[in-house]
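Good morning, colleagues. I shall present one structure today, moving from its overall dimensions to a few local details.

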Amino acid sequence: MKNRFLWPLTGIFLMIGSGLALTYDLPLRYDVTFGDEMTYLASSLTYTFPPAPHLAQWGSFYAAWLKALQAFTNDTLVLFYLNWRLLILMTGSLLFLYLYLRKSGFIVSLFCALCFQFSALNVQLDPRISAFTLCLIMGGLCVVQAWEWSTRNVLLITALTALVCSYVRPEFYISMMTAVVVAIETYFPRKYRSRELTLNSFSGLLSFAVLVIAMRLLFGNPLGQNQEGTNRSFDAFVQHFSINYNTWNNRPIDIPIPDQFKLVANVFGSDVKSMSAAFFVHPDLVLRHLWTNVVNTATAEFRILNGLFFKTPLMNLNSPYRKWWLLGLLVIVVFGLLDLSGTFRRLATKSIRLNSKELALFILLFPSIASVVLVFPRNHYLYFHAFGLIIIVAFLLGYIKLRIVQSSVWMGSLASLMMIWVIYQTVRQQEELRPTPVADNIRFIQALSINGPVSTLERDWYRVFLYSQEQKPRWIPVEFYQPNTNFGQFLNENHVNFILMTKDMQAYFAGDRGFAAFMSGEDASQFVRLEAPEPGSYLLVRPELLSKPPTVSALLEN
């Protein structure tokens, strides 16, 4: 095997091995989290080809990816963790490969990729759709870096990558259009001046235009609004403007979604349905919202760097002297191993080339840069910023000159030290099992012998794990119930036969006279009460929904 293939393949295998170790007992250490990820999971369970047009704004290709994973399991809970595990493996491996192709060096690429792979930002990312998008981005950038393409081809590959990403996260459609416009501006004027314009000159762009049209016809418009009530950009503005607005006024920021829309309607007017319309009504508030996001983002960038390159390397080292150990190690490295004068000469003499490949990186990261300003610096937007920061750190580390000769033995020794760190970290993590009440509740529900369609009253997303091949559950949101009215009558009118009373549900109905009367009256006898694994939680289920009475032993085994 040629040496140029040996090191990248070695690094990829090391990243896959470390990822497998990191995610070995993932379901025992991390619980299911409800939120946008459940929307995508639900879409995958009913996904058809061609998909519904509104899915173009709600992760159509991510739902297709999850649908493909169902070939390996029909268990929705297993599917949830399988996707989580695969994305951790893929992000780490692709990040190493991309850094290596950028000529960051084997050790620097491996170190940065491990820091990212093991970081809390990556492992605990929610929703996971951003990790899937980043994998697509890194895949396209690896293709760009692997060969010496012309500027036009680099931009067309960038546009193709952004087009695919736009059917995962719609904002990347803007990246696609930007790449196409830049390709036209940099290529065709030169060809026109040299009188070299031919049909072949337009072949790449025409083929791409045909692909865009075909995907619009098959999958819908990622930037389309008001399809089946969707208006993602305004919904995001409402959600995050309400957070900033309540922060300015010292009010609770964790308020229900209907209250967020009421707040924005009260501030800007009920007719405002876009951020631009809000700006014309109250430009001062919108500008304050943007500036608040800029300040919070700047703070978040330092937090990300600290998490990636300080907290992650020192993870599970709980000694109070660990900072001093790090300082001592840094002194040894800087004054013992580094050729400081040579390093500074490299930095001073090496010019930064902003070529088409760097432009491709910027175009693909642009949506996340704009999103943190226009919307809010949420973790799944900052996730892409972490990727950009790692590239900058790897770039700087690549200019370091050592006092010793860098040989294969030297690189192998450093790689071995990093693998020892991986083994130590994974062993320590596997010893620290955490409670998983939500996953335990899901396993409890799946152990029941349910016969017939489920009609569930809930605030969370347990309904996603009640899907079957034959039918999907009917969801009745708790907001449909008018507080302090006849709760039993409400259940009968909506044919509710399944209520998982988690701590969250119990807190929601605490103090409600209708619910209290239901629990103490005869209506409650129409339901079987089963204790759920989450301490203090219980399930109310109509007996006709169960094909056979649940046995204690059967439930305990699951």
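**A central strand and its surroundings**

Let me begin with a single residue pairing. Within strand β5, Tyr538 is the bridge partner of Met501. Tyr538 of β5 is also the bridge partner of Glu531. Please bear in mind throughout that this is a predicted model.

Those two pairings belong to two strand contacts. Strand β3, residues 498-501, runs antiparallel to β5 and is joined to it by four bridges. Strand β4, residues 528-531, likewise runs antiparallel to β5, with four bridges between them. In addition, β4 and β5 make up a hairpin, with six residues separating them. In the turn of that hairpin, Gly536 has a positive phi of about 90°.

How are the two faces of β5 arranged, covered or open? Both are covered: Tyr538 and Leu540 are buried on one side, and Leu539 and Val541 are buried on the other. As a general matter, side chains in a regular strand alternate between the two faces of the sheet.

I turn now to the protein as a whole. It contains 25 helices and five strands. Along the principal axes, its C-alpha atoms fill a box of roughly 85 × 60 × 50 Å. For 558 residues, a compact globule would have a radius of gyration near 24 Å, and the value of 27 Å for this protein agrees with that.

Regarding burial, 47% of the 558 residues are buried. The accessible surface comes to about 28,000 Å², and carbon and sulfur atoms account for 63% of that surface. As for contacts between residues at least 6 apart in sequence, 74% join residues at least 24 apart.

The charges deserve a brief remark. There are 44 positive and 35 negative charges, and their mean positions lie 15 Å apart.

Finally, I should like to draw attention to one loop residue. Asn74 is located in the loop between helices α4 (60-69) and α5 (76-101). Is Asn74 buried or exposed? Its relative accessibility is 65%, and it therefore counts as exposed, since the cut-off for that class is over 50%. Asn74 and Ser468 are 394 residues apart along the chain, and their C-alpha atoms are separated by 8.8 Å.

To close, I return to the strand with which I began: β5 has antiparallel partners in β3 and in β4, and both of its faces are covered. Thank you for your attention.

Definitions and conventions:
Residues numbered from 1 in each chain as written. Predicted model: local features only at pLDDT ≥ 70, side-chain atom pairs only at ≥ 80, totals over all residues. Heavy atoms only, no water. Buried < 20%, exposed > 50% of the residue type's maximum accessible area, 1.4 Å probe, protein only. Pairing = 2+ DSSP bridges. Rg over C-alpha atoms; globule rule 2.2 N^0.38 Å. Contact = heavy atoms within 4.5 Å. Areas by Shrake-Rupley, 256 points an atom, 1.4 Å probe, with all protein chains shown as cover. Lys, Arg positive; Asp, Glu negative; His and termini not counted. Charge placed at Lys NZ, Arg CZ, Asp CG, Glu CD.
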